[in-house]
Amino acid sequence: MKIGILVKQVPDTETKIKIRPDSLGIETTEIKYVINPYDEYAIEEALRLKESTNEVQTVAISAGPERAAEALKTALAMGVDDVIHIIDNDAFVSGDGFLTAKALSKVLEQESFDIIFAGKQAMDYDNSQIPQLLASLLNIPCITNVSEFEFKEGKVIVEREIEGGTKEKWEMTLPCIVGTTKGLNEPRYVTLPGIMNAKKKEIRKITLTDLKIDPAQTTKTEIKKFSLPPEKQSGKIVETVKELTKLLKEEARVI
Amino acid sequence: MNKNILIIGEHKNGKIKSSLLGILTKAKEFSDNISIVLLGNNLTDNKEILKKSGVKRIYLYDDKNLENPNPEIYNKLLLELINEMGFNYIFALASNLGKDLMPRIAAKLETGLASDCVDAKSKNEKLFFKRPIYAGKLFAATGINGEPILATFRPNILEFKEQEKISEVEVINKKITIDIENLACRLIEVKKGKSDKPDLVEADTIISGGRGVKNSEDFKLLEKLAEAISPKAVTGASRAIVDAGIAPHTIQVGQTGKTVAPKLYIACGISGAIQHLAGMKTSKIIVAINKDPDAPIFEIADYGIVGDLYEIVPQLIEEIKKLKTE
């Protein structure tokens, strides 16, 4: 069985994000990058499946600039067998879902995976689109926000929670896509042997030209301007609960 | 410029969810030609609310096979409708269903989708969507290079305003013409949530607890505060107490939990870490109760009170009860 894992490199959530003076992007010089936390659940689940099943090959794929190779090296160090880097220093920076999905879909088609694990969203642009876009482009089933996974009798059974605390159990035929979220598993740490092993592995590189994709035609969203959230007016610190209640009723009108 | 707008509706027991009504008002800013589509079982035509919303027509796909949303089925039906009617803008809630459906539609139509938007404006015949990025640290003004223009909106974020003119609403009942057997994706079990209270992402009032809450017994204090304010008020929790087993993950608010936008968010014993703020920053009124006057939560709170939640919350419950009996 062949398993694909989609991985993205994103800024660490603790990093301060600054807008460039021209408002058309962010300052990247002081950013610490990490593997997208939701993708770690994807890698972990793929590795668990590999450990519990015969003859499973795992391949992680990332679409991003040169630095994204670090995320792929982390995947290798965790135990993933092979990695593919769809590399472009400009096209993927704005996080356009359609372009990313289109590029990934061409590679996924070539690789012929049985199951594809992907984090449900990336913590930079928070679009939550990739697994679902791919489902449509590849014409395969997809359930995202998955917190429980089972591979049983050639089918994938997943559980996810939707609004109101309702839990749904879905069955999907192969090939399929699973969008992972917190609670699915506890991702393993990279080990020293893993890191040493990763150093020996080659990262397969593919360009958009190789995939015959023209980013200008394929980018469907555009960020025209980055801005800071509006300065919140200083809140009122109140001394008494009585005062607070009065303000909430008469001024804020929320009770 | 009368754009043809479709809103993908969602319902609870056949009635359109109140958390999406604001989208109807927003759509009216751009056009008079607004339609809504509802898929499910035992639907109602919702004419009463739609008449006051400026919506011209509702498409109803009412069938027992649509009881539980299956993205494959819903997607096929919607694409049929979209291809038939040729909409210019398609809006939906950034809910589980909206997130399931809209990217699928975007891919099939080879167009762009702006997700989880908090606002939209029209400028020179172009639409710009405002959406939070980097866990809400920044906003991006996003444009779409494609047609139709697709967008999902954060539940509860847009204001609903009744239209001055009551309009007539056309009800169009649609037939299910697709194969509902042979699905690659099948729902095999549903365990409905026990509560009849609204989901966190749709709630108007949330009382949320953080590290200051020492155990699950004490968490009940927050439930009492919620009850005192409204039967529809719900409780939320920070990651710290979810990880500590004091509150369930289903009510976790924050970057790895839910993103909420209630009218009132009361943060009890929550310090205000970036990851928590990511999930509740767009709440309309934020109240912070914390022992530590330097807690970052006070920086984004509209009202704050420095003190122990174990003293403050019971007092607050008393004062609110007094208020209600006045």
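Buried area is the accessible area, taken with a 1.4 Å probe, that two parts lose on being put together, summed over both. By this count, chain B and chain A bury about 6,900 Å² between them in the predicted model. Carbon and sulfur atoms carry 55% of that area. On the side of chain B, B:Asn96, B:Tyr134 and B:Tyr303 supply 11% of the area buried against chain A, more than any other three residues. The contact takes 81 residues from chain B and 76 residues from chain A.

Charged and polar pairs also span the interface. The count between the two chains is 5 salt bridges. One of them links B:Asp100 with A:Arg160, with the closest N and O atoms 2.9 Å apart. In addition, 38 residue pairs are in polar contact, both residues being at pLDDT 80 or more. Helix α4 (residues 96-109) of chain B gives the most to the side of chain B that touches chain A, with 8 residues. By class, that side of chain B has 38 nonpolar, 20 polar and 23 charged residues.

Strand pairing crosses the chain boundary as well. Strand β13 (residues 236-237) of chain A runs parallel to strand β18 (residues 303-306) of chain B, and 2 bridges join them. Here A:Lys236 stands opposite B:Tyr303. B:Tyr303 is also one of the three residues named above for buried area on chain B.

A second case is an open sheet built from strands of both chains. It has 10 strands in the order β11(A)-β5(A)-β4(A)-β1(A)-β6(A)-β10(A)-β7(A)-β8(A)-β9(A)-β13(B), with mixed pairing. The edges are β11 (203-206) of chain A and β13 (185-191) of chain B. Each edge strand has a single partner, so one side of each is left without a neighbour in the sheet. Neighbouring strands are turned by 30° against each other on average, direction ignored.

Within this sheet, strand β1 (residues 2-6) and strand β6 (residues 115-119) of chain A pair in the parallel sense over 4 bridges. A:Ile5 stands opposite A:Phe117 in β6(A). Helix α2 (residues 69-78) of chain A packs on the sheet. This helix touches β4 (57-64), β5 (82-87) and β11 of chain A, and its direction makes about 170° with that of β5(A). Elsewhere in chain A, a cis peptide bond joins A:Leu174 and A:Pro175, with omega about -5°. A:Pro175 is found in the loop between β9 (167-172) and β10 (176-180) of chain A.

Chain B holds an open sheet of 7 strands, in the order β7-β11-β6-β1-β4-β5-β12, with parallel pairing. The edge strands are β7 (113-117) and β12 (170-173) of chain B, each pairing on one side only. The average turn between neighbouring strands is 20°, direction ignored. Strand β6 (residues 89-93) of chain B pairs with β11(B) in the parallel sense over 5 bridges. The bridge partner of B:Leu93 in β11(B) is B:Phe153.

Two helices of chain B lie against these strands. Helix α3 (residues 71-85) packs on the sheet and touches β1 (4-8), β4 (33-40), β5 (57-62) and β6 of chain B. Its direction makes about 155° with that of β4(B). Helix α4(B) lies across β1, β6, β7 and β11 of chain B, running at about 170° to β11(B). Helix α4(B) is also the element that gives the most residues to the side of chain B touching chain A.

Two hairpins follow one another in chain B. In one, strand β8 (residues 119-123) and strand β9 (residues 126-133) run antiparallel, joined by 5 bridges. B:Ser122 stands opposite B:Leu127. This hairpin has 2 residues between the strands, and B:Asn124 takes a positive phi near 50°. B:Glu125, in the loop between β8 and β9 of chain B, has a positive phi of about 65° although it is not a glycine.

In the other hairpin, β9(B) pairs with strand β10 (residues 138-144) of chain B in the antiparallel sense over 5 bridges. B:Ile133 stands opposite B:Leu138. There are 4 residues between the strands, and B:Tyr134 in the turn has a positive phi of about 50°. B:Tyr134 is another of the three residues named for buried area on chain B. After β10(B), in the loop leading to β11 (149-153), lies B:Pro148. A cis peptide bond joins B:Glu147 and B:Pro148, with omega about -10°.

Methods. Residues numbered from 1 in each chain as written. Chains lettered and ligands numbered in written order. Predicted model: local features only at pLDDT ≥ 70, side-chain atom pairs only at ≥ 80, totals over all residues. Heavy atoms only, no water. Contact = heavy atoms within 4.5 Å. Salt bridge = Lys/Arg side-chain N within 4 Å of Asp/Glu carboxyl O. Polar contact = N/O pair within 3.5 Å; in protein donor to acceptor, adjacent residues only side chain to side chain. Nonpolar A, V, L, I, M, F, W, Y, C, P; charged D, E, K, R; others polar. Pairing = 2+ DSSP bridges. Axes fitted to C-alpha atoms, helices over the stretch in contact; angles between N-to-C directions.
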